[in-house]
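Me: I have a structure open and would like to learn how to read its features one at a time. Can we work through it together?

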Amino acid sequence: MAQNRSTAVMARRVEPNNSLDYFPTPPWATRALCEHLKKDHPLHRQVCWEPACGEGWMARPLAEYFAKVHATDVHDYSASWPGQDGVCDFLIDWGHAVFPEPVHWVITNPPFRLAEEFIRMALSVADVGVAVLVRTSFLEGQERFRRLFSQLPPAMVLQFVERVGIFRGRIDQYGSTATAYCWLIWLHADTGGTAFHWLPPCRSDLERQEDYPAQARCPEPMPLFEETAA
Ligand SMILES: C[S@@+](CC[C@H](N)C(=O)[O-])C[C@H]1O[C@@H](n2cnc3c(N)ncnc32)[C@H](O)[C@@H]1O
């Protein structure tokens, strides 16, 4: 039977409660955030914590912009990525992972079913701000509005106009997706409301072949559309 890939079905995906919810982020999507943030923030002098780092797909591009990046996760991924700094549950025992210097930013793609808890914890940890990559459908929902957005409105919503290919357990440069993503940013400095910005097309500028392991690349880029003779 053909897989139903409609947007409605894809957006309703539910992860089991014991799932690590491991969906690595293609590096260009993190560079898009940093390119935006660096206009107003001296990232090169600031410290960032990626508290759900997985195999470092977000932590590595963050390290291109920040003076220091701490990368931890509840699961030990060090066999596949030696850059992981520690194993800790961000929601329970993050105190064990307190770093000597202040953490200015917490930036992550949180496990979807724990995203709200991650945002609250991150705000209590970061001195300057918090950025989380979420499905754009995360903005919907009366309960979430009541619990989170009405009390803690983000300073910015950065909506990708390109699709960000994020897949369970694997990075895939050419995979296609029906799911839209945005960055939500909270700043401790009062910004007076939520600003909305589109992230204009940037993938071709921010993506590098060496971002991907050889097995995640196609020998030839796959055409999105068949060219037809005029
Ligand atoms: C959506 S993946 C994102 C991975 C990485 N941030 C990225 O963007 O490539 C979510 C990650 O959260 C981790 N995780 C799940 N629950 C956690 C918790 N309570 N504390 C810390 N990490 C957690 C999982 O192991 C997984 O690596």
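Me: Let me start with a helix. Which elements do the buried residues of α5 pack against?

Reply: This is a predicted model, and contacts in it are read from the coordinates. The partners of the buried residues of α5 are α4 and β7, the latter spanning 181–187.

Me: Which residues of α5 are the buried ones?

Reply: Helix α5 covers residues 142–149, and its buried residues are R144, L148 and F149. Viewed down the axis of α5, these buried residues lie within an arc of 65 degrees, so they line one face of the helix.

Me: Now a single residue. Is H36 buried or exposed?

Reply: The cut-off for buried is under 20% relative accessible area. H36 has 13%, so H36 is buried. Its place is in helix α2, residues 27–37.

Me: What does H36 touch, leaving out residues up to four places away in sequence?

Reply: H36 touches M156, L158, H197 and L199.

Me: Next, open space. How much space lies in the largest pocket, and how many residues line it?

Reply: The largest pocket holds about 500 Å³ of space. Its lining has 35 residues, and those nearest the pocket centre are L20, D21, N109, P110 and P111. Two elements give two or more residues to this lining: α4 (115–125) and β5 (129–135). The largest share, three residues, comes from β5.

Me: How do the lining residues of the largest pocket divide by character?

Reply: There are 24 nonpolar, four polar and seven charged residues in that lining.

Me: And enclosed space: how many cavities of 30 Å³ or more does a search of the whole structure find?

Reply: The search finds one. About 40 Å³ of space lies in the largest cavity. P26, W28, G165, D172, Q173, G175, R203, E207 and Y212 line the largest cavity, and this lining divides into three nonpolar, three polar and three charged residues.

Me: Finally, where does pLDDT stay under 50?

Reply: Where pLDDT is low, the predicted coordinates should not be read in detail. For the protein chain, the mean pLDDT is 87, and 83% of the residues reach 70 or more. Residues 1–16 stay under 50, and the model has 17 contacts for them beyond four places in sequence. Residues 219–230 are also below 50, with two contacts in the model beyond near neighbours in sequence.

How values were computed:
Residues are numbered from 1 along each chain as its sequence is written. This is a predicted model: local features need pLDDT of at least 70, side-chain atom pairs count only at pLDDT 80 or more; totals for chains, interfaces and linings use all residues. Side-chain values use heavy atoms; hydrogens and water are left out. On a 1 Å grid over the protein atoms alone, a cavity is a set of points where a 1.4 Å probe fits but cannot get out, and a pocket is an open set with protein on both sides within 12 Å along at least five of seven lines; lining residues have an atom within 4 Å of a point. Grid points are joined across faces, edges and corners, and a volume is the space filled by probe spheres set on the points. Helices (H or I, at least four residues) and strands (E, at least two) are DSSP runs, numbered from the N terminus. Ala, Val, Leu, Ile, Met, Phe, Trp, Tyr, Cys and Pro count as nonpolar, Asp, Glu, Lys and Arg as charged, and the others, Gly among them, as polar. Buried means under 20% relative accessible area, exposed over 50%, partly exposed in between (1.4 Å probe, protein chains only). The arc is that of the directions from the helix axis to the C-beta atoms. Contact means heavy atoms within 4.5 Å. pLDDT is the predictor's confidence in each residue, from 0 to 100.
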